Amino acid sequence: MEKYSLRNLPPEGVLSEYSDIERRLLHSRFIKDSDEAERFLSVSYERDMHDPFLLTDMDRAVSRILKAMNSKEKIAIFGDFDADGLCASVCWKDFFQRANYEKVSFYIPHRHDEGFGLNNKALTEMSSDGV
């Protein structure tokens, strides 16, 4: 099996339209052609996201968010401090910006004081903030 590392470039001519660092990164992800590379480097919500309605009760969640937005309620997004929690919070921020909805706050718990997951301190703080 061919060894992949960031030190190795793909074979001559493969992904040659990219810089050396891009070629190395793509090569380390086993990406070998320009179509795959473009898909990886140019992420699209429309093209690359799975159907969110495959998640249980997504229709109820969407209805509640739309109700809150139509009623101009303040919405809080609780996102854990780990990689997926922060990334999910960024996705929500992007959604609300695109929807031109500004009554949104974000709560990221403090790792040492609150630990993982939704907690009483967070709920109390978000509640006192009018969420």
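This passage walks through the strands, salt bridges and one charged patch of a predicted model.

Let's start with the strands. Strand S1 covers residues 75–78, and its side chains take turns along the chain. Ile75 and Ile77 point to one face, where they are buried. Ala76 and Phe78 point to the other face, and these two are not buried. S1 has a neighbour in strand S2, made of residues 104–107: the two run parallel and are joined by four bridges. One residue of S1 already mentioned, Phe78, has Tyr107 of S2 as its bridge partner.

Next come the salt bridges, and the count for the model is eight. Among them is the contact between the side chains of Asp129 and Lys74, with 2.9 Å from N to O. This pair ties together distant parts of the chain, since its members sit 55 residues apart. Asp129 belongs to the segment after helix H7 (120–128), while Lys74 is found in the loop between helix H4 (58–70) and S1. How open are the two partners? Asp129 has a relative accessibility of 41%, so it counts as partly exposed. Lys74 has a relative accessible area of 27%, and is therefore partly exposed too.

A salt bridge within a helix is found as well. The side chains of Asp94 and Arg98 meet at 3.0 Å, N to O. Both residues lie in helix H5 (residues 83–98), and they are four residues apart, which is about one turn of the helix. Arg98 counts as exposed because its relative accessibility is 59%, and the cut-off for that label is over 50%.

Some salt bridges share partners, and in this way Arg39, Arg47 and Asp48 are joined into one network. Within this network, the side chains of Arg39 and Asp48 form a salt bridge of 3.4 Å, again taken from N to O. Arg39, at 46% relative accessibility, counts as partly exposed. Asp48 also falls in the partly exposed class, because its relative accessible area is 28%.

Finally, there is some charge on the surface to look at. Glu17, Asp33, Asp35, Glu36 and Glu38 together form a negative surface patch. Where does Asp33 sit? Asp33 is placed in the loop between helix H1 (20–28) and helix H2 (34–41). With a relative accessibility of 34%, Asp33 counts as partly exposed. That value fits with a place in the patch, because patch residues need over 30% relative accessible area and no salt bridge.

Definitions and conventions. Residues are numbered from 1 along each chain as its sequence is written. This is a predicted model: local features need pLDDT of at least 70, side-chain atom pairs count only at pLDDT 80 or more; totals for chains, interfaces and linings use all residues. Side-chain values use heavy atoms; hydrogens and water are left out. Patches are made of residues with over 30% relative accessible area and no salt bridge: like charges are joined within 9 Å, nonpolar side chains (Val, Leu, Ile, Met, Phe, Trp, Tyr) within 5 Å. Accessible areas come from the Shrake-Rupley method with a 1.4 Å probe; for residues, only the protein chains shown count as cover. A salt bridge is a side-chain nitrogen of Lys or Arg within 4 Å of a carboxyl oxygen of Asp or Glu. Lys and Arg count as positive and Asp and Glu as negative; His and the chain ends are not counted. The place of a charge is taken as NZ of Lys, CZ of Arg, CG of Asp or CD of Glu. Buried means under 20% relative accessible area, exposed over 50%, partly exposed in between (1.4 Å probe, protein chains only). Two strands pair if DSSP finds at least two bridges between them.
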